[in-house]
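Work through these short exercises with the structure open. Try each task before you read its solution.

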Amino acid sequence: MTTGPGGKDRRNAGARVVYDLLERRFKDQVLASAVGALSAAEREVLLRQIDDLARQLDSLIEATRKVREPLSFDLMLTRLIALITEAFDAERSSLFLYDNETEELFSRVAQGELTREIRFPADSGIAGQVFQDGRSAIIDDAYADPRFNQAVDAETGYRTRNILCVPLRARNGEVIGVTEVLNKRGGDFSAADCALLQAFTTHTASVLESAHLTERARESLREEAHILAVTQAVSSELDIDKLLRKIIGIATDLLEAERSTLFLHDPDSGELWSRVAEGIAEREIRIPAAVGIAGEVFTTRRAVNIPDAYADPRFNPAVDRKTGYRTRSILCVPVINKHGVAVGVVQVLNRRGGPFRPRDQRRLEMLAAQSAIALDNARLFREVLDERNYSENVLRSLSDAVVTLDTAYNVVKLNEAASRLFRLPASDVLGAPAYKLFGRDNAWVLEVIHKVVNAHTTETVLDGVLTRRDDTQVSVNLAASPLADGDGETLGCTLILEDVTEDKRVRATMARYMTAKVAEQVLAEGEAVLGGRSQPATILFSDIRGFSTIAERLGAQATVSLLNEYFTEMVEVVFEYNGILDKYIGDAIMAVFGTPFPSDDDADNAVRVAIRMQEVLATFNARRRAAGQPIFETRIGINSGDVVAGNIGSARRMDYTVIGDGVNAAARLESANKQLGTRILISGSTRALLRGQYRLRELDLIRVKGRVAPIPVFEVRGLGRDIVSAAETRLLEVFASGLACYRDQDWDGAVDCFDTVLGIEAGDQPSWRLRARALHYRAHPPSPQWDGVWTLDEK
């Protein structure tokens, strides 16, 4: 037992006797001598104190009987405090229990119909020290004790004079709380008071602890019931607003709060908005996503527990003033989806029993997680509906007939194109066996269906003959594939039927390599165009430099993906300038300008396509470089001449293409880029047809394999309207002079000119190559029959 600084031991001998009796220090044989040693006045005081003690014992015996009654923890706590106050003739009493979750001492005080919880750190003040060291304290003058917090009196208007505080021990001796009695009316607290209070609290501690555990058990059961309700609602309720209102209502009830709000993030506006809000009717609240308490929780993804809202600078009291509501405590937690992304916050206000506790935070975080699951489920449900609607719209918009069957060969789905193809409404066959749709004359279709469903294979039939109910026939391409669920279980099959009548066949074929406008012209001209004819055209070949190395490094799938992306962009350029995609040859593109309908702009269109292809490739490579992917260069050759154009192939498959010497020459020019160190080469025949202005440089006369006559070769360096530097102009002039010297066999003059060009542009490959030839011929002069033609080495 300890006493405060003002608690001088002024207790008389009688008091010490009572204290020693209560502490059981006297033995029977010395009791008589101890009493006999007292004076008559002291014996009178002793008798009076024994009488007071008897009265206190009567009150505490009554308290012991009360705690045996089946009372709630709050009611038991309230009665015990009242009885202790009465027994010790004090003004106030408090009984604090230890909360090991928060490391706090807490008690509950009845205020009208509500119960307020008081909490403070377990090592704070007089009660905290008694709890920590397990020794009682008698404080005769509270204000003289440095452990006493005078601010509490200042805030409440109460005046604390003296204090008796004893540890509350369980049967095993563990300190589980403290009992504190204030302001004894008859004077100061005595050692006998201390001993009596210790004895009583020890007696009632186990019952009180049991009641507290029972309360916690009831809370756990109540929490489990709420969690079960939420789990059942999440798994069964499809109405997202109704579900979220239920979750928020459970949060309010479970945390014994006054109201709760679910704020969701609106990424478009950068705001948090109230999806579900209790106490504000239908009014929507919107706040910036990084402002206030809710904004901090959303941006940091950390919960905030504020015991006193008005003491927190983040709280905006203007909202309370506007609504007339009084916010006391706030608990706010983030709502985080399964991807770890914050999608909102849940905010709960004013716990009725006092500030929110750590277990309240855990409960709310659990409910916030359930809200996230509910939102994800709602999103998935909405996506499924959207996907279904999208699929329905896709089926509706498809020009090909689509039919789906189940494993019993019953018709499940029939799009509008299928209704038109079979010339019957979908309602006539939905749910009916497949033979009702296809009839007896289309046994080959039923055989395909049977094979697909049973063998789980994809089947394709080209140019199949489909007989309709009215005995008319159509030519169709049939693609049948198995239909399976996510686990691979067969659900049936899907049939896609393409009507390939002649006009449709031609239109579909042409659309793959020419614009719609040209295709319509071809259809209008008919066989005269497609049957084959000789005509002038300009042919463009484009090839990727070093593609084999790139493909080997990328692997098969990445190579196919690269080519598809590259071809998509390049073919659009071809179509933009009225070209026709003739074919893909590995990584190469062959395009034709002037077939089937020639024009005066064919050569210009081909050159513009080549220049534009280089510009598009630069943008394409920039994206790949930014993504850490390999980049590449392309080489382009263009030639103009007569070709044979028409549908070439077998009866089963034909392609519209061009053949002839002009095509071969374009391919050779594309290859010549490699030896001349250039990117775009055109022949002299193409140069002669150009109407526009371009920056061209004549490079050489070359002889290609399979052709006797040499081909004048020109490099395309850009459009004529481009702004050209003085250095570029000088380069072109000096190179032309060097080429003239070279052809005149003025080897020294040629070398000097090419050296000058290399001084302007050190990487100019044509100058390096012609300079090397001039040096060779200077050392080894050519024969008198030399005509200045360079035979292309195509090894």
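**Exercise 1. Find what covers the buried residues of α14.**
Helices (H or I, at least four residues) and strands (E, at least two) are DSSP runs, numbered from the N terminus. The cover includes β14 (401–406), α13 (434–438), β16 (459–467), β17 (473–484) and β18 (490–499).

This is a predicted model: local features need pLDDT of at least 70, side-chain atom pairs count only at pLDDT 80 or more, and totals for chains, interfaces and linings use all residues. Residues are numbered from 1 along each chain as its sequence is written, and side-chain values use heavy atoms, with hydrogens and water left out.

**Exercise 2. List the buried residues of α14, and say where on the helix they lie.**
Buried means under 20% relative accessible area, exposed over 50%, partly exposed in between (1.4 Å probe, protein chains only). Val445, Val448, Ile449, Val452 and Val453 are buried. Seen down the axis of α14, these residues fall within an arc of 125°, so they line one face of the helix. The arc is that of the directions from the helix axis to the C-beta atoms.

**Exercise 3. Decide whether Asn639 is buried or exposed, then find its partners.**
Start with its place: Asn639 sits in strand β22 (residues 634–649). Its relative accessibility is 3%, so Asn639 counts as buried. Next, take contacts (heavy atoms within 4.5 Å). Beyond four places in sequence, Asn639 touches residues including Ala537, Gly662, Leu669 and Arg707. Last, look at the side chain of Asn639: it reaches the backbone oxygen of Gly662 at 3.0 Å.

Key. Polar contact = N/O pair within 3.5 Å; in protein donor to acceptor, adjacent residues only side chain to side chain.
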